[in-house]
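Student: Got a minute to go through this structure with me? I'd like to start with the loops.
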Amino acid sequence: MPRFFYPLLGLSQFLAVILVILSGYWTGHLLGGFAWDGSDQQFNLHPLLMILGLVFLYGDAILMFRIFRKENKTVVKVIHMVMQAIVMICVVIALRAVFSYHRTKSIPNIYSAHSWIGLITVLLFFFQWVVGFVAFFLPWMTEMNRESLLPFHKFFGVAIFAMSCTAALMGINEKLIFELSSSYSEMGPVATVGNLVSLVLAMFALVVGFTVTYPPFQRTDQLDVEKLPLTQAGSMRDFQATDDERVVEE
């Protein structure tokens, strides 16, 4: 294990905390707070929940397989799946907020590049979650099919994260332009903090992307039971056992 793994992991979580704090301060204070009445405050729920969900929680969800390198992979799969389910809740509320806001203000939907990329990202995310649930949680697929599907699941997991960050960066910039117009260049508090959110988000994306794709950081699974679906009996019996414990038992 390279020595810089844990410092890099710590950096990712430090950036995650800063990202959440800045996003909350930007939307909850500088942009006027939150509401559910069709006002601009309702729109503020959209960027906050999308950043919390498809950037912060999604990024940490794919990091779980690096953070818990020595834990039973079945347990990590459950953590990963539950975190992604929370992401799904954040996304649904965020979309409901923005579409309802647009309808109240008579603003067209899905006309900008941000919305196009964002919608494609959301659709891919939902499809990825359903496929992952069916393939790696339920015992409906053969082990051979599951192994064949895994590389695609890993690729699209990282790709969706990259697209989420791209859409978020575009959305932040779009919001700043709409909110400030010609005064954007004056770099007031709204512009400064909004730019800082974008900067930290980009740094978080880079650190997470490197951590999950750098080959020496990848976990090495020793047992075929790790490839079984969670609901299969043998996998359930090993649910509480760590990799090291099961190797000793053998």
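Student: Where is the place of Gly32?
Tutor: Gly32 sits in the loop between helix H1 (5-30) and helix H2 (40-43). Helices are DSSP runs of H or I, at least four residues, numbered from the N terminus. This is a predicted model: local features need pLDDT of at least 70, side-chain atom pairs count only at pLDDT 80 or more, and totals for chains, interfaces and linings use all residues. Residues are numbered from 1 along each chain as its sequence is written, and side-chain values use heavy atoms, with hydrogens and water left out.
Student: How does Gly32 count in terms of accessibility?
Tutor: Gly32 counts as partly exposed because its relative accessibility is 45%. Buried means under 20% relative accessible area, exposed over 50%, partly exposed in between (1.4 Å probe, protein chains only).
Student: And how far apart in space are Gly32 and Gln42?
Tutor: They are 9.7 Å apart, C-alpha to C-alpha, and 10 residues apart in sequence.
Student: New topic: phi. What is the phi of Ile110?
Tutor: Ile110 has a positive phi, about 50 degrees, although it is not a glycine. Most residues other than glycine have a negative phi. Ile110 is in the loop between H4 and H5.
Student: What about Ser181, then?
Tutor: Ser181 also isn't glycine, and its phi is positive, near 55 degrees. Ser181 belongs to the loop between H6 and helix H7 (189-213). With 52% relative accessibility, Ser181 counts as exposed.
Student: Back to Ile110. Which residues make the nonpolar surface patch with Ile110?
Tutor: Trp116, Leu119 and Leu123 join Ile110 in a patch of about 390 Å². Patch residues have over 30% relative accessible area and no salt bridge (a side-chain nitrogen of Lys or Arg within 4 Å of a carboxyl oxygen of Asp or Glu). Like charges are joined within 9 Å, nonpolar side chains (Val, Leu, Ile, Met, Phe, Trp, Tyr) within 5 Å. Areas come from the Shrake-Rupley method with a 1.4 Å probe; for residues, only the protein chains shown count as cover.
Student: Where does Leu119 lie?
Tutor: In helix H5 (residues 113-136). Leu119 counts as partly exposed because its relative accessibility is 34%. Ile110 counts as partly exposed, at 34% relative accessibility.

Terms used. Helix = DSSP H or I, 4+ residues; strand = E, 2+ residues; numbered from the N terminus.
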